[in-house]
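Here's a walk through one protein chain, starting with its charged pairs and ending with its packed interior. Keep the viewer open and follow along.

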Amino acid sequence: MNKLCIRVQNLSYFYDKASPPALRNLSVDFHTGTYTAILGANGSGKSTLLNCINGLCVPSPGSVSVYDDDEILDPAKGEDLERIRRRVASVMQNPEDQIVAAVVEEDVAFGPKNLGLPEDEIRRRLDRALKITGLEELRNRAPRFLSGGEQQRLALAGALAMESEVIALDEAVSMIDPRGRETVLDLLDTLSALGKTILHVTHSLRDAFRASRCLVLYRGSLVFDGSPGDLAASPSLEEWGFRLPESLKALRLFSKLYPGFSASSLEPAETVRSLIRFCSAGEERGLVSTEPAAGNFPGSGKTDGPCSFDNGTGPVIQFDAVSHEYLRGTPFAAAGLSECICRIPRNASVVLIGASGSGKSTALKHINALLLPTEGRVLVFGKDTLDRKTNLRNLRSKAALAVQNPESALFETYVADDVAYGPRNAGLAGQDLSVRVRRAMAETGLPYEQFADRETGALSGGEKRRAALAGVLAIDSEILLLDEPAAALDGQGREMILNLIKELRRAGKTVVSSTHSMDMAVFFDLAGVMVKGRLAAFGPPREIFGASWQSSWGLDLPWIVAAARTLAEAGMIPPGKVPLTAEELAALLSGSGDAVPANGACTGTEEYGKTIRGGPGTGTGRIEGLVSPVSGKPRPRRGRRKTGLEFFRNFGFGQYLNRPSLLQRLGTGKKIGLLFLLGILAIAGPPPFFPLGVLILVLAAGALAGKAGPGHLLRGMIPALPYIGLIFFIQLFFPRPQDTSRVLFTLGAFSFTAGSVLRIIFLFCRLGALMALLSLYTAVTTLEASVNAVKRGLAPLSRLGIPAGDIALAIGIALRFIPALTGEAERIVTAQLSRGSGKGRIRTAMTMVVPLLLRALERSETLAKAMTLRLYPAASKKTGNGARHPKRVD
């Protein structure tokens, strides 16, 4: 037997004494080189177990032991934490909580640099981690401009670069597209074969089959410890909160058709090969026949009846050659959408599928008018989102968006208050508001009596996603937009999402969702395939996963469809059939599957769902019956240009430009010295020469020696313009009493003097010089280089008894916090606008203040934890534990 790696003995953990224990008397051993999948419903204690091992939660002394060679380390002891975290690399559930740098490659290299490795070894680990996670082309991008799936890849890359002996992953692939997911899981297989110990928290039974051992937690207790095959066969799965995926349903139906059959893998091709071998071997021995046992396998609802749409009133959503470019005209410009053309009928359920960063979330935000096209137009209920006459606030109340990351959507203290935010903005109050909130919470599995007064920050990951969805349902909008609604949800949660979508359809609603789960996509009326910002195909799932399917899309087929193709190749089912459910596949195997169509659309989709494919891999499909009469050239942009989110995207501080230049090569200490010197001159130097001179000098230095143009350096002023305008207003209308300069003109009781105008000009020059100076410094200096320079500068203070390490840690967190806080503000405003807020920019800004302060406190704590997990020296030596009772994240 392999050496003992981690021992958990009689571990119980309470987040607070008023709540039930997150873990109850848990005892389990993990041995070196083993691959263990940890499963369970949301809130069962999975994340808590990992956090007790890495010390983010403080277990009782002696209840957790981590073995380093022959020495026993205890995460309850602060002095052992650094060695534990060298041995155990962790990936947390929310990727945003683990990102600590302003540039992708800097974030990945953060851990290896803290290990004190040579530069060539750091580069090797960096390049390898970026390649494995598919982030090579994004290595110089700011993390806050990545999609949710790309951010999860980044968090995973940072842990992989540590090359620790134990890798603990908490739902680390839940938001990654299928191909990327397979790449990561293949890597885990390889690492396990090389002797690494893998602890993988997952809701996916298919992923769990990669492991050699499965643990199931239920309400904090260990209820199963065995092989994946034994788990799949367990009759208690649904009792523990699981819902059988189509793959496992198919295996159980295969066992009925072919008594005695069992599979050791949930991969569709391998399962079918096992079935073929079983039939061949049985036939040779005369034990079984290739003719299956008779059985009745009713459909799952895909072919039971028509999927009627309201085609008579025209499309409810229309994209006319829509393109969108993020941060247009800046070094960070990136295409979000490219010439997308489609029409979505009223009362349909539509799913967008595609790789991470393919444009799914961008498309949803265009429907909700959180983003506007840079080319083309979007019509929602016949209203052009670019038209200034269109009331965007009313439109958003009719097309509510549930954003991708639930932590971003919860900004009230208590759950019921957060759910009430949208309907309250719509004018609902009193009993009507209470009824709406109770109903929405019940529909998402959060009983009002149990969750109304729960703090949103204390919810588990799955509960947060349910609460965010309840907040959108409470708006009772005609269109519901769901961005990855089932990510990180357990089987019950996914079943709840699908049932909810069915109920919304019955109520006449239109649902547009995105997902990385092909198995979930088959249950929608229509599917759209996004490839690098383009709509590559659009039509009924049976057609998309049938005749229209292209491997160049970079996606995997649904399990049932993939298995059916292999069975058809073996001659076990008729060719050309496209079953979408386990029951349909079993019906084909039993010879009673005549009703399963090949590529047919359900009734009502003909007008909207005939797909014409473009060239292989081009993603330039056009959809007959979906194209609106638009001219050959994209409609020119007109009217409205901004929605408010650009305010945050224009924030330029902390955006490093990885461009070789003279200023980039200059020593960081010298750059900091110049920063302070020129900053003092800009602020305190006598006008007009000093502020104007510093501004001109900085702009010239940026263009000539830093490869950063004036547009990038001054872009940071855009978010500050309202405050600058307020200062100008005060200066102009309220001149100093001693101002005796010439009066230029009067306006009622106000006199405007030459002195006040000059002071405004000088003030503008000072602010412009200061902001350009800060932007130039961050453009040519990495965050890590700045932090290291500060640490070196403060080192002599340690001899005087001054805690230089703690000061350096605080400064490091503060410097990393600037872009993080800007991203938090953007997410809060996104969530507020998507739920009907927006009665003026001033009101929006005021409603953001309290949530932003609370989120700032949370992010500062999570940022410190993320830095300690990757061995930031001062942080690790200080505590590393974070709060004694951190928030629950299961």
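## A salt bridge within one helix

Glu 270 is partly exposed in this predicted model, with a relative accessible area of 25%. Its partner is Arg 273: the two side chains meet in a salt bridge, at 3.4 Å from N to O. Arg 273 is partly exposed too, with a relative accessible area of 40%.

Where do they sit relative to each other along helix 10? The helix covers residues 268–285, and the two are three residues apart in it, so about one helical turn separates them.

## Salt bridges between elements

Side chains of opposite charge can pair when their charged atoms come close. The structure holds 36 salt bridges. Take Glu 105 and Arg 123, whose closest N and O atoms are 3.8 Å apart. Glu 105 belongs to helix 3 (residues 104–114) and Arg 123 to helix 4 (residues 119–133), so their salt bridge ties together parts that are 18 residues apart in sequence. Is each end buried or partly exposed? Glu 105 is buried at a relative accessible area of 15%, because the cut-off for buried is under 20%. Arg 123, at 36%, is partly exposed.

Now look at Arg 213 and Asp 225, which form a salt bridge with the closest N and O atoms 2.8 Å apart. This pair links distant parts of the chain, twelve residues apart: Arg 213 is in strand 9 (residues 213–218) and Asp 225 is in strand 10 (residues 221–226). Arg 213 counts as buried at 19% relative accessibility, whereas Asp 225 is partly exposed at 43%.

Some charged residues go beyond simple pairs. Glu 121, Arg 124, Arg 125, Arg 128 and Glu 163 are linked in a network of salt bridges.

## Two loop residues with positive phi

Which residue in the loop between strand 7 and helix 6 is worth a click? Try Glu 171, which sits between strand 7 (166–170) and helix 6 (178–193). Its phi is near 50°, a positive value in a residue other than glycine. Glu 171 is also buried, with a relative accessible area of 5%.

Lys 707 is another non-glycine residue with a positive phi, near 55°. You'll find Lys 707 in the loop between helix 27 (689–705) and helix 28 (710–714). At 46% relative accessibility, Lys 707 counts as partly exposed.

## The hairpin of strands 19 and 20

Strand 19 (residues 526–531) pairs with strand 20 in the antiparallel sense, over five bridges. Together they make a hairpin with two residues between the strands. Lys 532 sits in that turn and has a positive phi of about 50°. For a handy landmark across the pair, Val 529 stands opposite Ala 537 in strand 20.

Why is strand 20 described as largely enclosed by the rest of the structure? The strand runs over residues 534–539, and five of its six residues are buried, so it is largely enclosed.

## Nonpolar cores

Val 529 turns up again in the largest nonpolar core, which has 92 residues. Along with Phe 319, Phe 545 and Trp 553, Val 529 touches the most other members. Trp 553 comes back to the hairpin as well: leaving aside its neighbours within four places in sequence, Trp 553 is in contact with Val 529, Val 531, Ala 536, Ala 537, Ile 544 and Ser 548.

There's also a second, separate core of 62 residues. Leu 156, Ala 172, Ala 250 and Ile 560 are among its members.

## The surface and the whole chain

Out on the surface, Leu 726, Phe 729 and Ile 730 make a nonpolar patch of about 290 Å². Leu 726 lies in helix 29, which covers residues 721–733.

Zooming out, the protein chain has 34 helices and 24 strands. Of its 890 residues, 58% count as buried. The accessible surface comes to about 35700 Å², and 56% of that belongs to carbon and sulfur atoms. How far apart in sequence are residues in contact? Among contacts between residues at least 6 apart, 70% join residues at least 24 apart.

Key
Residues numbered from 1 in each chain as written. Predicted model: local features only at pLDDT ≥ 70, side-chain atom pairs only at ≥ 80, totals over all residues. Heavy atoms only, no water. Buried < 20%, exposed > 50% of the residue type's maximum accessible area, 1.4 Å probe, protein only. Helix = DSSP H or I, 4+ residues; strand = E, 2+ residues; numbered from the N terminus. Pairing = 2+ DSSP bridges. Patch = residues over 30% accessible without salt bridge, like charges linked within 9 Å, V, L, I, M, F, W, Y side chains within 5 Å. Areas by Shrake-Rupley, 256 points an atom, 1.4 Å probe, with all protein chains shown as cover. Salt bridge = Lys/Arg side-chain N within 4 Å of Asp/Glu carboxyl O. Core = buried A, V, L, I, M, F, W, Y, C linked by side-chain atoms within 4.5 Å. Contact = heavy atoms within 4.5 Å.
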